[in-house]
2 protein chains.
Amino acid sequence: MRQGAVTLRDVARRARVSVSTAARALGGYGYVSPTTRERVLRAARALDYHPNAVARSMIKGRTHTLGVVVSDSSNPFFAAVVRGVEDVALPYGYGILLCNADEDPRKEAMYVSMLRQKRVDGIIVSPSGESSGALASLLAAGIPVVQVDRRVRGLPTDAVVVDNRAGVFAAVEHLVRLGHRHIALIGGPGRLYTGRERTRAFRDSLRRFGLPLVESWLLEGTFKVDSGYRLAARLLESSPRPTAVFVANNLMTIGALLGFKQAGVRIPEEMAVVGFDDMDWAPILTPPLTAVAQPTFELGKTAATLLLARLQDPARPPRLVVLPPRLVVRESCGARLASVSPTGSTGEPVPSPRPSP
Amino acid sequence: MRQGAVTLRDVARRARVSVSTAARALGGYGYVSPTTRERVLRAARALDYHPNAVARSMIKGRTHTLGVVVSDSSNPFFAAVVRGVEDVALPYGYGILLCNADEDPRKEAMYVSMLRQKRVDGIIVSPSGESSGALASLLAAGIPVVQVDRRVRGLPTDAVVVDNRAGVFAAVEHLVRLGHRHIALIGGPGRLYTGRERTRAFRDSLRRFGLPLVESWLLEGTFKVDSGYRLAARLLESSPRPTAVFVANNLMTIGALLGFKQAGVRIPEEMAVVGFDDMDWAPILTPPLTAVAQPTFELGKTAATLLLARLQDPARPPRLVVLPPRLVVRESCGARLASVSPTGSTGEPVPSPRPSP
DNA sequence: GAAGAGTGTGAGAACGTTTGCAGATTACCA
DNA sequence: TGGTAATCTGCAAACGTTCTCACACTCTTC
């Protein structure tokens with residue numbers, strides 16, 4: 001077996017039948033006598049035959065492979081999304097080709113093109129920039145695309161996103177009910193859908209509660225750890241200083257908490273913190289972190305389900321699925337809890353009025 | 001473009017040349033006159049031609065795709081490993097087919113078989129069980145395999161692992177130098193290479209320091225969060241109670257810390273904790289977590305590099321690369337630090353003797 | 001001005017499957 | 001016994017590339 005793998009011809013030869021008969025025996029279609037089938041199966045087993053999916057794809061025009069393009073699969077958020085996709089797709093016999101675009105539209109276009117050349121049956125993408133030409137061209141060619149977590153304007157594809165507006169509103173409402181009136185934002189890049197949406201929702205929420213929009217408290221970061229760290233420091237220097245901050249993603253929350261810790265800022269007394277995206281380490285912080293939990297896993301599962309459905313029926317109109325987030329109240333905003341449960345979730349927020357400063 | 005993608009024939013027809021000439025023009029080999037080439041390129045662009053990699057693979061016998069099988073890509077550890085693989089492989093034009101085996105040898109075998117049918121050029125695997133028949137068969141067929149993080153006996157492949165022994169020893173030594181003599185273990189499953197290795201190294205380390213081996217302090221978990229949680233509780237019930245615990249992986253560390261927190265156990269005064277595998281949230285805990293940092297990203301990069309090297313030269317003898325871990329001293333064992341740095345690392349441990357109980 | 005090298009092009013055979021079709025054999029019925 | 005249907009099998013044509021070969025043409029060079 002030094003060279004090229006065992007082929008159907010080898011199996012056929014050993015079973016003393018034609019290639020087509022061997023194919024039928026292994027493929028389980030058409031007419032094959034029981035004895036012949038048995039002989040072929042035995043030969044295949046003896047030779048450790050593994051059918052060549054490349055050749056099959058060639059004929060069938062389908063590769064049974066899905067492309068997944070995210071910005072960074074080592075970010076726990078996307079890691080969970082990818083896992084969700086896999087859990088749905090693999091049982092159906094689909095493989096997953098994973099690509100990391102690093103928020104770089106050029107890289108994204110490159111990988112999309114690679115996936116296209118590899119003739120994946122469909123692509124799940126969390127687009128980096130705006131109006132990706134590569135995606136539009138994909139769509140024009142009739143290759144199914146599902147957008148996940150983010151959407152670019154004018155791409156009529158299936159998509160699944162989180163209700164960012166509701167999540168942000170719940171976070172702000174929580175702070176307000178605890179008496180906060182000076183709330184800052186460590187937000188994401190306006191270039192990205194989620195960054196934009198959450199910032200917009202934040203501004204709207206403040207307006208809704210009649211709170212002042214202090215521009216120096218509306219910070220734009222990069223969704224990375226160090227960015228949260230720097231912006232937390234910036235916030236501490238600002239005067240007047242806010243009493244609470246909403247951080248728009250998981251990594252920046254880590255950075256911000258590190259910044260506050262280093263500066264000796266007590267949470268929640270001197271600064272209340274709500275994060276977007278709950279993590280499994282959130283309950284072991286001191287105080288445990290209150291955060292907007294996203295259905296990350298579901299995001300991926302839904303994307304995969306939408307894609308598979310479209311593969312079944314290419315004509316079905318594009319659907320947009322909006323998944324609800326859930327505010328998980330712990331103690332980083334000053335809410336007092338009856339107890340800490342292993343899952344860290346406590347259902348309803350516990351309002352406990354707090355004098356405004 | 002409703003049906004089947006644009007093919008080389010279409011391009012050739014439009015450029016009024018033969019298929020072979022079009023192939024040469026686009027492939028950049030053989031003789032093609034500049035004017036013809038230009039004509040072909042223009043036609044390809046006009047038709048938005050994307051060469052069919054499936055057909056190419058058919059001929060070349062290589063798919064430019066690598067298989068990666070890990071137990072759970074949403075575990076930050078493997079997420080980083082996978083990312084490392086990608087960062088090396090994608091620039092060379094290799095795609096990554098990702099599979100999650102969930103520590104299930106049967107699933108693992110299934111996915112390996114799938115990857116084999118898809119004719120990946122090589123496979124990077126973090127094997128679940130012992131002596132996987134699927135892997136052996138792969139090897140027999142001459143398909144390159146690289147084992148990462150774990151190794152199964154009797155599989156002469158390239159491999160890259162962490163020096164678990166050194167990592168565990170450093171952790172125990174750190175505790176000992178801080179005066180601990182009653183050290184417990186929340187270990188991984190003996191079924192897994194890393195679980196076994198770390199437990200063995202732990203026992204050896206205790207012996208080396210002349211500490212007692214209390215069997216009820218040597219706990220075996222599943223490497224999952226809830227397992228760490230349960231075993232922490234168990235440890236608290238044991239009497240005498242240990243003054244320190246070494247937790248053998250990241251997820252169980254989360255569980256254990258949650259358990260201690262819930263029980264109101266003060267760290268490090270009542271229980272010192274060292275974890276295996278450092279995480280970016282370790283410095284924001286109270287107290288910041290001391291942990292053995294693994295070169296996760298490097299693990300993946302090295303695996304990919306080994307695999308690519310083998311694809312170049314299939315005859316080269318298998319290599320075993322052992323990467324060094326690094327103890328990152330923070331405060332969860334009682335070491336006092338000068339300051340908290342953003343990266344959380346402070347280089348050398350700070351010995352500060354502690355009376356034994 | 002013929003041999004040879006250097007260019008440019010196209011025909012056609014692979015690669016390993018799937019599958020339509022036709023031929024061969026058997027079974028069944030009139 | 002002949003005819004038809006049912007069952008089994010093999011031939012050969014796809015799929016979209018790559019790449020060897022053969023052929024044609026243009027220059028050199030003696």
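The legends below describe close-up views of a predicted model.

**View 1. Residues around DNA strand D.**
DNA strand D is surrounded by 23 residues, and the closest are A:Ser18, A:Thr21, A:Thr36, B:Leu8 and B:Ile59. Of the atoms of DNA strand D that come within 4 Å of the protein, 59% belong to sugar and phosphate. Sorted by class, the surface near DNA strand D holds 12 nonpolar, 8 polar and 3 charged residues.

**View 2. Chain A at the phosphates of DNA strand D.**
In A:Thr21, a side-chain N or O atom is 2.7 Å from a phosphate oxygen of DNA strand D. For A:Tyr31, a polar side-chain atom lies 3.2 Å from a phosphate oxygen of this strand. A:Ser33 takes part through its backbone, with an N or O atom 3.0 Å from a phosphate oxygen of DNA strand D. Two or more residues of the surface near DNA strand D come from each of α2 (19-27) and α4 (53-60) of chain A, and from each of α2 (19-27) and α4 (53-60) of chain B. The element that gives the most is α4(B), with 5 residues.

**View 3. Residues around DNA strand C.**
DNA strand C has 23 residues around it, the closest being A:Leu8, A:Ile59, B:Ser18, B:Thr21 and B:Thr36. Sugar and phosphate make up 57% of the atoms of DNA strand C that come within 4 Å of the protein. The surface near DNA strand C divides by class into 12 nonpolar, 8 polar and 3 charged residues.

**View 4. Both chains at the phosphates of DNA strand C.**
From chain A, a polar backbone atom of A:Leu8 is 2.8 Å from a phosphate oxygen of DNA strand C. A:Arg56 places a polar side-chain atom 2.9 Å from a phosphate oxygen of the strand. From chain B, the side chain of B:Thr36 has an N or O atom 2.7 Å from a phosphate oxygen of DNA strand C. At least two residues of the surface near DNA strand C are supplied by each of α2 and α4 of chain A and α2 and α4 of chain B. The largest share, 5 residues, comes from α4(A).

**View 5. The interface of chain A and chain B.**
In this interface, 61 residues of chain A are in contact with 61 residues of chain B. The area buried between the two chains is about 5,200 Å², and carbon and sulfur atoms give 59% of that area. On the chain A side, A:Arg83, A:Arg119 and A:Ile284 lose the most area to chain B, together 13% of what that side buries.

**View 6. Polar pairs between chain A and chain B.**
There are 6 salt bridges between chain A and chain B. B:Arg83 forms a salt bridge with A:Asp72, and their closest N and O atoms are 2.7 Å apart. Across the interface, 29 residue pairs are in polar contact, counting pairs with both residues at pLDDT 80 or more. The elements that each supply at least two residues of the side of chain A touching chain B include α4, α5 (76-89), β2 (95-100) and α6 (105-117). By class, this side of chain A has 33 nonpolar, 18 polar and 10 charged residues.

**View 7. A:Arg330 and its partner A:Asp278.**
A:Arg330 is located in the segment after β12 (326-328) of chain A. Because its relative accessibility is 3%, A:Arg330 counts as buried, the cut-off being under 20%. The side chain of A:Arg330 makes a polar contact of 3.0 Å with the side chain of A:Asp278.

Methods:
Residues numbered from 1 in each chain as written. Chains lettered and ligands numbered in written order. Predicted model: local features only at pLDDT ≥ 70, side-chain atom pairs only at ≥ 80, totals over all residues. Heavy atoms only, no water. Near = heavy atom within 4 Å. Polar contact = N/O pair within 3.5 Å; in protein donor to acceptor, adjacent residues only side chain to side chain. Helix = DSSP H or I, 4+ residues; strand = E, 2+ residues; numbered from the N terminus. Nonpolar A, V, L, I, M, F, W, Y, C, P; charged D, E, K, R; others polar. Buried < 20%, exposed > 50% of the residue type's maximum accessible area, 1.4 Å probe, protein only. Contact = heavy atoms within 4.5 Å. Buried area = accessible area lost by both parts, 1.4 Å probe. Salt bridge = Lys/Arg side-chain N within 4 Å of Asp/Glu carboxyl O.
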